[in-house]
Amino acid sequence: MNLLKVNDLRVDLMTTGGIVEAVRGVSFHIDRGETVTIIGESGSGKSTTAMAILRLLPDDLAVRAGEAQIAGQDVLGPRTVINKLRGREVALIPQDPMTALNPVFTIGRQMVEAIRIKDRKLGRAAAQKRAIELMDAVHIRNPEQQLKAYPHQLSGGMLQRVLIAMAVSTDADLIVADEPTLALDVTVQAGILDLLLEMQERRGVGILLITHDLGVARLMSDRVYVMNRGEFVEGGDVIEIVERPEQAYTQRLLAAIPELGPWEDPALTGGAA
Amino acid sequence: MTCGPSRWSGPDTVSYVLKRLGQTVLTAFLTILTVFVLLRLAPGDPAYNYAPPNPSTEQLEAIRKQFGLDQPLLQQFWTFLSNLFHGDVGTSFQFKQPALQVVMDRLPYTITLAIAAIVVTTIIAVPLGVWMARRNNTAPELGANIATIAGQSMPDFWIGFVLLIIFAVNLSWFQPSGFATWGELVLPTATIAILQIALISRLVRREMVANLAAPYITVARSRGVPERDLTWKYAFANSAIPVVTALGTRFAAMLNGVVIVEVVFKWPGVGALVVDALQRRDFPLIQATVLVTVILALVVQLAVDLVYPILDPRVRLGEASS
């Protein structure tokens with residue numbers, strides 16, 4: 001049984017001008033310990049695919065056809081199914097950590113809430129203790145103190161670590177990471193990706209990674225799907241795709257990465273630029 | 001809230017409250033100065049209001065002298081201020097007793113009505129607004145939406161008369177006017193509350209719709225947070241500041257006397273009193289009313305501001321609120 005199995009998923013976008021096909025029949029699967037990446041430019045439908053699987057689409061987007069199963073359970077049918085899976089079998093790491101937490105409650109209160117959704121019988125004190133352990137696991141210093149802080153008092157990188165800790169707290173086997181480093185400084189990005197890999201190694205979770213960044217995809221993925229205009233144009237082993245892209249779109253995507261060439265300073269060589 | 005009072009302990013809060021109280025005194029002074037001058041600039045002579053029919057010049061002079069209106073304006077204001085300093089706001093022309101006392105006698109009625117109205121408004125408008133936000137773009141919500149538009153479009157004197165005709169005249173459930181038993185509180189409260197419920201519920205709905213679409217709601221939903229908690233602990237907790245601000249402003253305005261409703265229901269409050277005082281050019285009574293209501297309104301505003309840091313940890317007293 002696959003951790004996640006998606007078959008011919010189709011999502012429509014309702015606009016005032018009519019219906020636009022945002023996702024046009026994508027199929028893939030994820031197994032334990034695997035990272036599968038959907039890569040594409042903005043508007044390609046990659047985040048929509050992830051959100052459709054989690055049933056978190058905004059009102060103007062709707063799944064029209066297809067199948068999606070998490071841990072063998074059909075999540076596109078009655079909402080009760082996905083409601084039971086959220087926070088237990090599947091967790092989300094969001095795009096922008098700065099807006100992903102309730103601004104009026106402390107980090108600790110929200111972590112304790114997440115922990116107790118997974119484990120209702122756990123008392124407040126025990127949940128608090130578990131929260132400190134989790135903060136420790138994502139390498140946050142002074143966890144006791146940070147738990148008393150409000151989201152606006154922490155940096156974006158710190159908040160993303162908190163959100164990863166929350167995802168880990170669910171013991172979910174499948175983690176959906178929707179551009180987890182998009183809103184972060186480059187210097188912080190590497191740390192967050194390292195942390196994700198560390199969590200995966202330790203717990204063997206499957207990760208569905210959404211990104212527009214080939215560098216991130218290459219570092220993280222086992223398999224990668226290149227998405228354009230709602231369709232997978234190419235998919236397979238990440239090394240294969242990066243080294244021997246078959247499709248013109250993938251080639252253009254690869255060509256768009258800036259490379260560090262030899263540095264010639266016009267002031268030193270004396271020539272005009 | 002987990003750590004309430006600690007958010008406004010310390011010297012910052014003390015100096016903030018002192019600063020605000022200083023502003024209150026200044027605002028009250030400027031308001032009373034404006035009212036004082038405007039009353040005397042307005043055409044018409046109060047002496048006529050208190051003289052017998054066809055008064056002689058001597059009679060009018062005597063009345064002006066009695067009221068101190070024969071003095072130059074600056075002199076009058078100076079007398080007023082020095083008396084105010086000793087707690088004397090002046091003697092009402094018509095009641096022949098301290099104006100402040102007259103206002104204070106009426107104030108409990110206005111405060112009672114204002115509290116009743118704001119409590120009823122809050123109890124109905126908040127759940128209604130939250131419900132409309134959750135059911136946004138459905139048929140029942142459209143019905144509620146139309147009802148609230150109607151509620152905020154009907155003039156209060158008209159609502160008052162309709163309620164009077166139905167419940168006091170035809171059904172005889174309540175006395176039509178005055179305040180002898182608590183039953184008489186119902187119709188004036190309902191008259192005020194209908195408009196306020198319409199306004200506040202629409203505000204709650206608007207704030208809630210915006211906050212329910214916020215990213216932290218989606219992320220919390222992905223963690224399995226139940227919908228009821230998403231509604232109240234997440235979206236509503238983040239909508240509280242504008243709602244509390246609006247309720248505070250409405251309450252402060254009601255304390256100034258709900259003039260039309262008080263007149264329609266012959267409610268013995270400050271609003272009806274000030275209308276009467278204006279018609280009779282009772283300068284000291286008008287000044288006393290303005291002074292009391294301005295201070296009340298400012299104190300309510302200060303109380304609302306002090307609640308902000310409890311509602312939102314990002315707000316620090318003395319800084320501009322976001």
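**Figure 1. Confidence along chain B of the predicted model.** Chain B has an average pLDDT of 86. A score of at least 70 is reached by 94% of its residues. Confidence in chain B is highest in helix 9 (residues 215-222), at 94. It is lowest in helix 2 (residues 46-50) of chain B, where the mean is 80. Residues 1-5 of chain B have a pLDDT below 50. Beyond near neighbours in sequence, that stretch makes four contacts in the model. Where pLDDT is low, the predicted coordinates should not be read in detail. For the model, ipTM is 0.87 and pTM is 0.82.

**Figure 2. Chain B, a chain of helices.** The secondary structure of chain B comprises 13 helices and zero strands. From the N terminus on, every element in the run is α. The C-alpha trace of chain B spans about 85 × 60 × 30 Å along its principal axes. Chain B has 322 residues, and 34% of them count as buried. Contacts in chain B with a separation of 6 or more are 72% between residues 24 or more positions apart.

**Figure 3. Annotated transmembrane regions of chain B.** An unreviewed UniProt entry places the feature "transmembrane region" at residues 21-42, 109-133, 154-173, 185-204, 240-265 and 285-308 of chain B. Two of these spans are described here. Residues 21-42 of chain B are 95% helix and 0% strand. The end C-alpha atoms of that span lie 31 Å apart. Residues 285-308 of chain B are 100% helix and 0% strand. Here the end C-alpha atoms are 35 Å apart.

**Figure 4. Where chain A touches chain B.** Chain A puts 23 residues into the contact, and chain B puts in 18 residues. On the chain A side, strand 6 (90-93) and helix 3 (107-118) each supply at least two residues. Helix 3 of chain A gives the largest share of that side, four residues. Sorted by class, the chain A side has 13 nonpolar, five polar and five charged residues.

**Figure 5. The four-stranded sheet of chain A.** This sheet of chain A is open, with strand order 2-1-4-5. Its pairing is antiparallel. Strand 2 (18-30) and strand 5 (73-74) of chain A are the edge strands, each pairing on one side only. Strand 1 (residues 4-15) and strand 2 of chain A run antiparallel and are joined by ten bridges. Within this pair, A:Asp12 has A:Glu21 of strand 2 as its bridge partner. Helix 1 (residues 46-54) of chain A lies across strand 1, strand 2 and strand 4 (61-70) of chain A. Helix 1 of chain A runs at about 110° to strand 1 of chain A.

**Figure 6. The six-stranded sheet of chain A.** The second sheet shown from chain A is open too, in the order 6-7-8-3-9-10. Its pairing is mixed. Strand 6 and strand 10 of chain A stand at the edges with a single partner strand each, so one side of each has no neighbour in the sheet. From one strand to the next, the twist averages 15°. Helix 6 (residues 156-169) of chain A packs on this sheet. Helix 6 touches strand 6 and strand 7 (174-178) of chain A. The direction of helix 6 makes about 175° with that of strand 6 of chain A.

**Figure 7. Strand 9 of chain A and its partners.** Strand 9 (residues 223-228) of chain A is mostly covered, with five of its six residues buried. Strand 3 (residues 35-39) of chain A pairs with strand 9 in the parallel sense, over four bridges. In this pairing, A:Tyr225 of strand 9 is the bridge partner of A:Ile38. A:Val226 of strand 9 stands opposite A:Ile39. In a regular strand, side chains alternate between the two faces of the sheet. Strand 10 (residues 231-237) of chain A runs antiparallel to strand 9 of chain A, with six bridges between them. A:Glu231 of strand 10 is the bridge partner of A:Asn228. Strand 9 and strand 10 of chain A form a hairpin with two residues between the strands. In that hairpin, A:Arg229 takes a positive phi near 50°.

Note on methods:
Residues are numbered from 1 along each chain as its sequence is written. Chains are lettered from A and ligands numbered from 1 in the order in which they are written. UniProt positions are given in the numbering used here, feature names are shortened, and annotations may be inferred rather than shown by experiment. Two strands pair if DSSP finds at least two bridges between them. Two residues are in contact if their C-beta atoms, placed from the backbone, lie within 7 Å. Axes are lines fitted to C-alpha atoms, for helices over the stretch in contact, and angles run from 0 to 180 degrees between N-to-C directions. Ala, Val, Leu, Ile, Met, Phe, Trp, Tyr, Cys and Pro count as nonpolar, Asp, Glu, Lys and Arg as charged, and the others, Gly among them, as polar. A residue is buried if 20 or more other C-beta atoms lie within 10 Å of its own, exposed if 12 or fewer, and partly exposed in between; C-beta atoms are placed from the backbone. pLDDT is the predictor's confidence in each residue, from 0 to 100.
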